[in-house]
Every structure is written in structure tokens, then in C-alpha cells.
Amino acid sequence: MRGAAKACANIALAKYWGKSDEGLNLPAVPSVSVTLDALVTETVVERDASLTADEVVIDGVRQEGSPARKVTALLDLVRAAAGVEVNDPRRFARVVSQNHFPAASGLASSASGFAALTAAGARAWDAPLTTEQMSALARRGSASAARSLYGGFVELPAGVPGDDALCARMLHPSDWWDVRVVIALVTRAPKAIASRDGMRETARTSPYWHAWLACAPGYAHAVKEGIARRDLEAVGATMEASTFAMHASAWAAVPAVRYIRGVTLDVLDRVEGLRRDGVGAWATMDAGPHVKVLCAGADADRVAAVLREAANVIDVRIARPGEGVRVS
Ligand code: 2P0
């Protein structure tokens, strides 16, 4: 009757941007990520036959409208997998989800959120799902969530339209490589453009969309090879190339889809400065202005200290490769 799950967010080292099938939420390009132990979402799903709709509370706030509908849509997939009748009047549940994140938006909470929701829901309805099947279901909520079912270093291939079984897979466990991701939070403002809308507009209007599609598989391949060799310079440089190619394709949309703010550039200057000083540090940004810096475990404190000096950096956190979803 009740399932609880904890999932970590993840950061893409080779970026996902764009869909091959909007209905099934299939990515147009392969992506590679590292799961992060410092960004955790904890979700409880409790079936309650007295409810007349799913009740959704995220970070203490009752959700209505689109966020609640997205949760219900994912729970409908879990319920279907468990054999619950579509119109069963006793099918509803109470969902309580808490993000244990530093206080700022745009930090991949949809990845950890949908991963935890899928796993907690599967337990609540005793759905006989493998991790692969849960990853495929979580993907329907948010493609990056498919990766958060797994710990360590994770790949999500591009999806062939219609292939609803597409799931992520673990490449290497969390103890494979002693790297850190240093997260610099630069604003508390909510995200300007939902990534789903940003991707759609990039595909629809950007003259660089096809260039992005052509380049992205090469980035994913190079990142995978680099992780296998534990080659930080190769992974870091490719991650930056993937990041800037993704953002450039979005900037060229009409009107521009721009997540990078002035303070983002200031942090990027500091990361370049670290490299000039001989510290192996490489930056990435997702659908928001925050900067995440990949570096060796031994360099993380120095990188964090330099980022803390930047004006407008609100908070700096150091994350290690984290574990996959845990259910109780
Ligand atoms: C990623 N991002 O690979 C990329 C890089 C943002 C930039 O996955 O539409 O919330 O729900 O599948 O997973 C953010 O997009 O998008 C994302 P949907 P999602 O991490």
C-alpha cells in the first residue's frame, strides 16, 4: 500500500537535448551522465482508497495543474504495469516528495523526482518491474530521470520513434572513478524556459539544430571512452564541447532559448583561470544558469574555494558519484 524511494539527480557529461518522439518522450541523441550523491529526492507514495484524485505535495506545497498532472500521468503508467484498471475508483494515492537540494531552482529535480516517484509507485502497487522497466517508465516523465535509476556513470541511448522500452544503463558503478562535481548556484529565480519547451523551440526554429544532432553522438562516444580510461581531460573537454554545442543550438532558436546569464560567464572565466593555473576543472550548464564543475576528488576543495569568490554565487556544493534509486 505504501512505497518510499530515494533517488539522486544526475548531471549529463554528454548532453541530451531534443526528442525523436514527443509522445513517448524519446531522446533524439544519446547522453551520458554521472549520478550525484549531494542532490537527493525522497518520495513516498501511499495508496488511499478514499481519495477521488491523486494528491501531490512537493517540498511541502500542494501541487495543482501541470505538475500534479505530470505526477498522475506517471502513476497511471505504474498502475497500468501493476494491472490496476484504468477506471478503478480506488486507484488514487497521496504523493509526498521532498527535494534535499540546496535552495535554488534548475538543479535536475525532475530527474531525481521522477526516478523516485516511479520506484516508490512500483512498490506501492507491487508492480513487478525490473530496474530497466522502471527506467523506461521514468523516462516518460523526464528523459533525464531514466538515468537516475542507476548509480555511477550512466548512458541513455537515443530513442528510435515508437520504442517505449528505451531505458538507461549503468556503464560503471559510483566507485569507478574518484571525480567530483562542484555545483555553483547563481540564482534562486525559477527557470525561465522549461527544458521541454526549449528543446521543442530549438528543433523547430534553430538553424543549428541539425548540426547539434550530427555532433551529439560523437560527444557521447568520446565521453564513454574517456570514462572507461578514467581520462579526466578527455571527459572534461568533451563535456564542455557538448555543453556549448547544446546551448549554441538553443541560442540560435527564434526567439533565443537562453539559460546562461551574466553570472554564469563570470564562473566560466574562473574555471578557465583554474585550468591556466594547472587545475583540471571543466564546466557544464543545463537548462539553467548554474555551473557544475567536473574535477578530480583531490582538487574539489580548491575548485569550490575559487567558485565561492565569484560575486553572485549563492552556494557551492561538492557532489560525488552517487548510488542508484533505493526503495523501502
Ligand atoms: C541532460 N537536460 O542531458 C539535459 C541537458 C538539460 C540540458 O535532461 O523534456 O527535464 O522532461 O525529458 O529531462 C533536462 O531535460 O527533459 C535535461 P524532459 P528533462 O541532462
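**View 1. R147 and its partners in reaching the ligand.** In this predicted model, an N or O atom in the R147 side chain sits 2.8 Å from a ligand oxygen; a polar contact here is a pair of N or O atoms within 3.5 Å. The N25 side chain also has an N or O atom 3.1 Å from an oxygen of the ligand, while A143 brings a polar backbone atom to 2.8 Å from a ligand oxygen. Taken on its own, the ligand has 460 Å² of accessible area, and the protein covers 93% of it (Shrake-Rupley, 1.4 Å probe).

**View 2. The shell around the ligand.** Seventeen residues surround the ligand, and K19, S142, A143, S144 and R196 come nearest (a residue counts if one of its heavy atoms lies within 4 Å). The shell splits into six nonpolar, six polar and five charged residues, with Gly counted as polar.

**View 3. An open four-stranded sheet.** The strands line up as β11-β12-β10-β13, with antiparallel pairing (strands are DSSP E runs of at least two residues, helices H or I runs of at least four, and pairing takes at least two bridges). β11 (281–284) and β13 (315–319) are at the edges with a single partner strand each, so one side of each has no neighbour in the sheet. Between β10 (179–185) and β13 there are five bridges, and V182 has I318 of β13 as its bridge partner.

**Notes.** Residue numbers start from 1 along each chain as its sequence is written, and side-chain values use heavy atoms, without hydrogens or water. For this predicted model, local features need pLDDT of at least 70 and side-chain atom pairs 80 or more, while totals for chains, interfaces and linings use all residues.

Terms used. Polar contact = N/O pair within 3.5 Å; in protein donor to acceptor, adjacent residues only side chain to side chain.
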